[in-house]
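The exercises below invite a careful reading of one model, and each is followed by a solution that goes step by step. Please look through the sequence and the structure before starting.

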Amino acid sequence: MLQTTYYEVANRLERIDFPSIWPGFSSGSFALYQEKLACLSGQLVPRPPEFLGNTSILWQGSPLAIWNLEQEMDLDQLASYLVHELFHAHQLASGETRFPQDIRLALSPAPLPSLASRLQEGRLLAQAASAGPEAARAHLTDFCALRRQRQERPECLQECLVETVEGTAEFVGLQALLTLSPEKYQRELDRYRALLQQPGPLLTDARRMAYYTGALTLLSARRAGLDLRHPLPGQSQPLFSFLNRLLPSVPPPPLSSEALEEAAALAEREDRTHHQAVARFLEQTPPYRAGPFRICGYDPMNQFAVDGKLFCTHFLALQDPNTGSILSLPGQSLLILTPGSAELAEGVYHR
């Protein structure tokens, strides 16, 4: 099944005009893998230990997109996900530098007015993504006014960088899906729009939400007759700046009382959920290992901060700065960070 799926996906990738999706983008190498086997260059081999998660890695000196095929998937959707990862490979090969600091973002919760603004920004993008040119431009102008008002905040800067790196990859994957199946593309776009209209817990997960806001920034700009795509080498400004410079500067729309109330309720609910998760973890008296450690690996989609500590639910890797040895920690870990640092830790609870 693994090898058959590999060739089915490869056939779909051959139908995609990569340079038309993003300047300079071209198809690259990918691999599919399961618990014990991987399909690499069309051949079945033992799964390399470096194959972890769905991502792009440096493999034998070249970028490689990898996908963990745990269960059967829609092949058009799988191909679009791999295009997302292939774009990350393109970013690496192009010398992309606009990467977010994920742990710093997790440690920088947005204050209530910023959360309410994030909520309204997402809804404006959702509206713009299905509007005509004039309405899309008006929605984007208001979006920029709100974003401009809070863009100097540390968490907003990191959000903008996630949009730049991950949001662009989401956009590229969507464009690939449009080639393979316009119907599936429309369903996926509708899902993105619905998530930004009613984000729920997504609102306080700035990194995950930025996948959708980044993709819809590009799609909405296209609805407004604007093209934000750009060659990657040598760029230093985030995606938002490309849109911001094309639209007039207007006063931001006021934050509605409804948005403030909704954001407050969602933030309180998620904060309670996170504290409960950490409390349940500590009730099991996990062993503690003292540092110092340097954080060298993590799953950014499955971690959150509680009281200045980082709770990782799936994976964490730490390096002893004195010996260079790597401590790999699958499962749940609670990282006690060195005060004032998003890279160093004093110790870790793990089970």
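**Exercise 1: two helices in contact**

In this predicted model, the residues Glu 159, Val 162, Glu 163, Glu 166, Gly 167, Thr 168, Glu 170, Phe 171, Leu 174 and Gln 175 of H7 meet Ala 206, Arg 207, Ala 210, Tyr 211, Thr 213, Gly 214, Ala 215, Leu 218, Leu 219 and Arg 222 of H9. Sort the residues of this contact by character, and then describe how the axes of H7 and H9 cross.

*Solution.* Sorting the residues of the contact of H7 with H9 gives nine nonpolar, five polar and six charged. Turning to the axes, helix H7 (residues 154-180) and helix H9 (residues 206-223) come within 7 Å of each other and cross at roughly 60°. That angle makes H7 oblique to H9. As a last step, the handedness can be read, and H7 passes H9 in a right-handed crossing.

**Exercise 2: a second helix pair**

Decide how helix H5 and helix H6 are oriented to each other, and name the residues through which they touch.

*Solution.* The axes of helix H5 (residues 112-128) and helix H6 (residues 133-150) are 9 Å apart, and the two helices pack at an angle of about 160°. Angles over 145 degrees count as roughly antiparallel, and H5 and H6 are therefore roughly antiparallel to each other. Their crossing is left-handed. On the side of H5, the contact is made by Ser 114, Ser 117, Arg 118, Gln 120, Glu 121, Leu 124, Leu 125, Gln 127 and Ala 128, while H6 contributes Ala 136, His 139, Leu 140, Asp 142, Phe 143, Leu 146, Arg 147 and Arg 150. By character, the residues of this contact divide into seven nonpolar, five polar and five charged.

**Exercise 3: the five-stranded sheet**

In what order do the five strands of the open sheet lie, and which are its edge strands?

*Solution.* The order is E3-E2-E1-E5-E4, and the pairing is mixed. The edge strands are E3 and strand E4 (55-59), each of which pairs on one side only. Neighbouring strands of this sheet are turned by 35° against each other on average, with direction ignored. Helix H1 (residues 2-13) packs on the sheet, where it touches E1, E2 and E3, and its direction makes about 150° with that of E1. Helix H3 (residues 75-93) also packs on the sheet, touching E1, E4 and strand E5 (62-68), and its direction makes about 155° with that of E5.

Within this sheet, strand E2 (residues 37-40) and strand E3 (residues 43-46) pair in the antiparallel sense over four bridges. Along that pairing, Cys 39 stands opposite Leu 44, and Leu 37 stands opposite Pro 46. The two strands form a hairpin with two residues between them, and Ser 41 in the turn has a positive phi of about 55°.

**Exercise 4: an aromatic pair**

Classify the pair formed by the rings of Trp 22 and Phe 171, and state which parts of the structure the pair ties together.

*Solution.* A search of the whole structure finds 14 aromatic pairs. In the pair of Trp 22 and Phe 171, the ring centres are 6.3 Å apart and the planes are at 70°, so the pair is edge-to-face. Because Trp 22 lies in the loop between helix H2 (18-21) and strand E1 (30-33), and Phe 171 lies in helix H7, the pair ties together parts that are 149 residues apart in sequence.

Note on methods. Residues are numbered from 1 along each chain as its sequence is written. This is a predicted model: local features need pLDDT of at least 70, side-chain atom pairs count only at pLDDT 80 or more; totals for chains, interfaces and linings use all residues. Side-chain values use heavy atoms; hydrogens and water are left out. Axes are lines fitted to C-alpha atoms, for helices over the stretch in contact, and angles run from 0 to 180 degrees between N-to-C directions. Angles under 35 degrees count as roughly parallel, over 145 as roughly antiparallel, 65 to 115 as roughly perpendicular and the rest as oblique. A crossing is left-handed if the near helix is turned anticlockwise from the far one by less than a right angle, and right-handed if clockwise. Contact means heavy atoms within 4.5 Å. Ala, Val, Leu, Ile, Met, Phe, Trp, Tyr, Cys and Pro count as nonpolar, Asp, Glu, Lys and Arg as charged, and the others, Gly among them, as polar. Two strands pair if DSSP finds at least two bridges between them. Rings of Phe, Tyr and Trp (its six-membered ring) pair if their centres lie within 6.5 Å; planes under 30 degrees apart count as stacked, over 60 as edge-to-face and the rest as tilted.
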